[in-house]
Amino acid sequence: KKLKNLRGHRSAVYCVLFDRSGRRVITGSDDKLVKVWSTETGFLLATLKGHDGDITDMAVNVENTYLATASNDNF
């Protein structure tokens, strides 16, 4: 069952990750952006930029305090 449409990336989304609380979903795209969304409302909470290539993977640490991203830009 589809609950929400999350619109905000300008290109294909390559990775999706729920944070450890389940209150946020994080998306990475070939538009070189990471976006953080509320799972309760579907609202965009933050847009993170810094990579020069497609976002290919993401992880959150056990304490749910850090987000690591990977890209094909070799940074």
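Start by selecting V60 and L67: L67, in β6, is the bridge partner of V60. The model you are looking at is predicted.

**Stop 1: the β5–β6 hairpin**

Widen the selection to β5 (55-60) and β6 (67-71). The two strands run antiparallel, and five bridges join them. Six residues lie between the strands of this hairpin.

Now pick N64. N64 sits in the loop between β5 and β6. Check its backbone: phi is positive, about 65°, although N64 is not a glycine. Add a surface to see how much of N64 shows. N64 is partly exposed, at a relative accessible area of 23%.

**Stop 2: the nonpolar core**

Keep β5 on display and add the side chains of C15, L17, I26, V34, V36, I55, M58 and V60. These eight residues form the largest nonpolar core. Nonpolar side chains tend to be buried together in soluble globular proteins. Colour the core by element. β1, β3 (33-38) and β5 each give two or more residues to it. Which element gives the most to this core? β5 does, with three residues. V60, the residue you started from, is one of the core members.

Centre on M58 next. Leaving out residues up to four places away in sequence, M58 touches C15, V16 and L17. Its contacts also include I26, T27 and G28, as well as V34. Turn to the other group of M58 contacts: L67, A68 and T69. Keep T69 selected, as it returns at the next stop.

**Stop 3: H51 and its polar partners**

Go to the loop between β4 and β5 and select H51. Is H51 buried or exposed? H51 counts as buried because its relative accessibility is 17%, and the cut-off for buried is under 20%.

Draw distances from the H51 side chain. One polar contact, 2.7 Å, joins it to the side chain of T69. A second polar contact, 3.0 Å, goes to the side chain of D73. T69 is thus a partner of H51 here and also touches M58.

**Stop 4: the four-stranded sheet**

Hide the side chains and show the backbone of β1 to β4. What is the strand order? This open sheet runs β1-β2-β3-β4, with antiparallel pairing. The edge strands are β1 (13-18) and β4 (44-49), each pairing on one side only. Look along the sheet: neighbouring strands are turned by 20° against each other on average, direction ignored.

Zoom in on β1 and β2. β2 covers residues 24-29, and five bridges join β1 to it. To see one of these pairings, select V13 and its bridge partner in β2, S29. Strands of a sheet pair through backbone hydrogen bonds.

**Stop 5: the loop after β2**

Follow the chain out of β2 to K32, in the loop between β2 and β3. Its phi is near 75°, a positive value in a residue other than glycine. K32 is partly exposed, with a relative accessible area of 38%.

**Stop 6: the segment before β1**

Select H9, which is found in the segment before β1. H9 is buried, with a relative accessible area of 18%. Its side chain makes a polar contact of 2.7 Å with the side chain of T27. Another polar contact, 3.1 Å, links the side chains of H9 and D31. Now show everything within contact of H9, ignoring neighbours within four places in sequence. You should find T27, G28, S29, D31, L33 and K35. S29 is familiar as the bridge partner of V13. T27 and G28 also appear among the contacts of M58.

Step to R7, in this segment before β1 too. R7 is exposed, at a relative accessible area of 69%. Measure from its C-alpha to that of L44: the separation is 8.8 Å, although the two residues are 37 apart along the chain.

**Last stop: confidence**

Colour the protein by pLDDT. The mean is 90, and 96% of residues reach 70 or more. Where is confidence lowest, and where highest? It is lowest in β1, at a mean of 92, and highest in β4, at 95. Where pLDDT is low, the predicted coordinates should not be read in detail.

Key
Residues numbered from 1 in each chain as written. Predicted model: local features only at pLDDT ≥ 70, side-chain atom pairs only at ≥ 80, totals over all residues. Heavy atoms only, no water. Pairing = 2+ DSSP bridges. Axes fitted to C-alpha atoms, helices over the stretch in contact; angles between N-to-C directions. pLDDT = per-residue confidence, 0-100. Core = buried A, V, L, I, M, F, W, Y, C linked by side-chain atoms within 4.5 Å. Buried < 20%, exposed > 50% of the residue type's maximum accessible area, 1.4 Å probe, protein only. Contact = heavy atoms within 4.5 Å. Polar contact = N/O pair within 3.5 Å; in protein donor to acceptor, adjacent residues only side chain to side chain.
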